[in-house]
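Colleague: I am new to this structure and would like a close look at a single part of it. Could you pick one residue, walk me through its surroundings, and then show me what lies beyond?

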Amino acid sequence: MNNAVAGFSKLSKKEKINWIANEYFSTPEEALNIIRNYWNTDEKLQQLHDEFIENTITNLYIPLGVAPNFLINGKYKTIPMAIEESSVVAAASKSAKYWATRGGFKATVIDTEKIGQVHFTFNGDAEKLNAFFNKIKPKFFSDTQNITKNMQQRGGGILDIYLKDKRDLLDNYFQLHATFETKDSMGANFINSCLEQFATTLKDEAQNANLEIEVIMSILSNYVPNCIVRAEVSCQIEDLTEKHIPNPRDFAERFVQAVQIAEVEPFRAVTHNKGIMNGVDAVVLATGNDFRAVEAGVHAYASKNGQYASLSHAKIENGIFTFWLEIPLALGTVGGLTSLHPLVKLCLEILQKPSAKELMEIVAVAGLAQNFAALRSLTTTGIQEGHMKMHLNNIINQFEANEEERHLIKTHFKKTAISHNAVVEFIENLRK
Ligand code: MEV
């Protein structure tokens, strides 16, 4: 058992699944049933999903929910969120409703610059390399004309290319550091194609000029500190009042302190930012964007001052409570999965076909809303009350409760504190 397998990718889907079932399960038929249960009955749709990646055996479902009532820059939005964590959509909806009656969310894209680099080594006179770079710089633009033509028509393209001397970090290390505008596309393919052409041009021209340049690699950077969006909420302190906030000044002060802790204490900052990413990732995923790229870039940005810190900030000034965040987001609303995956298309339609900039605003707002909900719970009732309410369903499902049991459990735990043990005990007593 547990043998290596040769030529797995060449096997048919059926053969792959049979191999998995026989190799790892004592009852292969059961495993096969689970795998098949999650296939789409529409064969064409299943084939589409099969072809997104290699060696697809089935589909892993993640719930797609919506959080309505988001007032963003004066317009209502319903935000689709793909996420498995029970409390996230409920928290987003609650924040949306709360802020809709307090002026809503304001969001602004500050910049949309993307970055890519050609990393290379050169063991020679840096002055000479600099002169060579300045001479051939126009060639980088002309040699990529066929790649950039369409993007230029859409108002994007290569913004600039710099030669960077990185020998203080690594022997002989230089780079071409290029900046791009990719409009409504995330731009990964566009940027990487341009960079690979830059590398070819660099190598060819270096050979002509008798310069010994060794290109190591060409790739976009997922760190986009100049592709930034800001989202904000603010209101008079007394307007913060609601059922769980009887004393708004006390609430605002505790809230600001909670944010300050995340600004100075990395252990708290990571969890605080994780709460922001609950909202961000869910929308990024629902809209077919690359959440790993977003995660990597956002966390790098959170460390930009040398220590990992909160992405959001809060203040009280002249009786006004303001809470905001700024995050880098490289997103697309055209290309990639956006036109391929029927549900991604649907989500973009729910969002009224946003531009990439509008999507940046929506995603940042979802992050801020999530952060607000978490901090509100943490500084008032504590997080477990809401979490356990949502988690109750998971426990009920785990015990495969029938309709009647479900009703009895839910009624009982409306008035009683929910804990895993208490629910299990209640179910066991019911079944005695
Ligand atoms: C849980 O997914 C997210 C929180 O831990 C975020 C936070 O602590 O701010 C509740």
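Modeller: Let's start with Ser95, which is buried, with a relative accessible area of 1%; the cut-off for calling a residue buried is under 20%. Please keep in mind that this is a predicted model. Ser95 sits in helix α4. Setting aside residues up to four places away in sequence, Ser95 touches Phe105, Ala369, Phe372 and Ala373. Phe70 is 25 residues from Ser95 along the chain, yet their C-alpha atoms are separated by 8.4 Å.

Now take the helix around Ser95. Helix α4 covers residues 88-100, 13 residues in total, and reaches 18 Å from its first C-alpha to its last, close to the 18 Å expected at 1.5 Å a residue. Most of α4 is covered, with 10 of its 13 residues buried. Among them are Val88, Val89, Ala91 and Ala92 towards the start of the list, and Tyr98, Trp99 and Ala100 towards its end. What do the buried residues of α4 pack against? Their partners are the strands β1, β2, β8 (228-236) and β10 (320-328), together with the helices α9 and α12 (356-379).

One of those partners, α9, is a good next stop. Asn278 is found in helix α9. Asn278 is buried, with a relative accessible area of 12%. Leaving aside neighbours within four places in sequence, Asn278 is in contact with Ile83, Glu85, Val88 and Gln370. Val88 is one of the buried residues of α4, so you can step from one helix to the other through the contact of Asn278 with Val88.

Helix α9 (266-286) also helps to cover the buried residues of α11, as do β1 (64-72) and β2 (75-82). In α11 (residues 342-350), the buried residues are Val344, Cys347 and Leu348. Seen down the axis of α11, these buried residues fall within an arc of 100°, so they line one face of the helix. The general background is that an α-helix has 3.6 residues a turn, so residues three or four places apart point the same way. After α11 comes Gln352, whose phi is positive, near 60°.

To place all this in the whole chain, look at the domains. The protein chain is divided into domain 1 (8-51), domain 2 (68-110 + 228-381), domain 3 (114-221) and domain 4 (386-431). The centres of domain 3 and domain 4, taken over C-alpha atoms, are separated by 60 Å.

Finally, here is a sheet to look at. An open sheet of 4 strands runs in the order β5-β6-β4-β7, with antiparallel pairing. At its edges stand β5 (157-165) and β7 (213-221), each with a single partner strand, so one side of each is left without a neighbour in the sheet. From one strand to the next, the twist averages 15°. Strand β4 (residues 114-122) pairs with strand β6 (residues 173-181) in the antiparallel sense over 8 bridges, and Ile115 stands opposite Thr179 in β6. Helix α5 (residues 126-143) packs on this sheet, touching β4, β5, β6 and β7, and its direction makes about 170° with that of β5. Helix α7 (residues 188-208) also packs on the sheet, touching β4, β5, β6 and β7, and its direction makes about 165° with that of β7.

Key: Residues are numbered from 1 along each chain as its sequence is written. This is a predicted model: local features need pLDDT of at least 70, side-chain atom pairs count only at pLDDT 80 or more; totals for chains, interfaces and linings use all residues. Side-chain values use heavy atoms; hydrogens and water are left out. Two strands pair if DSSP finds at least two bridges between them. Helices (H or I, at least four residues) and strands (E, at least two) are DSSP runs, numbered from the N terminus. Axes are lines fitted to C-alpha atoms, for helices over the stretch in contact, and angles run from 0 to 180 degrees between N-to-C directions. Contact means heavy atoms within 4.5 Å. Buried means under 20% relative accessible area, exposed over 50%, partly exposed in between (1.4 Å probe, protein chains only). The arc is that of the directions from the helix axis to the C-beta atoms. Domain bounds come from an automatic or database domain assignment. The expected span of a helix is 1.5 Å times one less than its number of residues.
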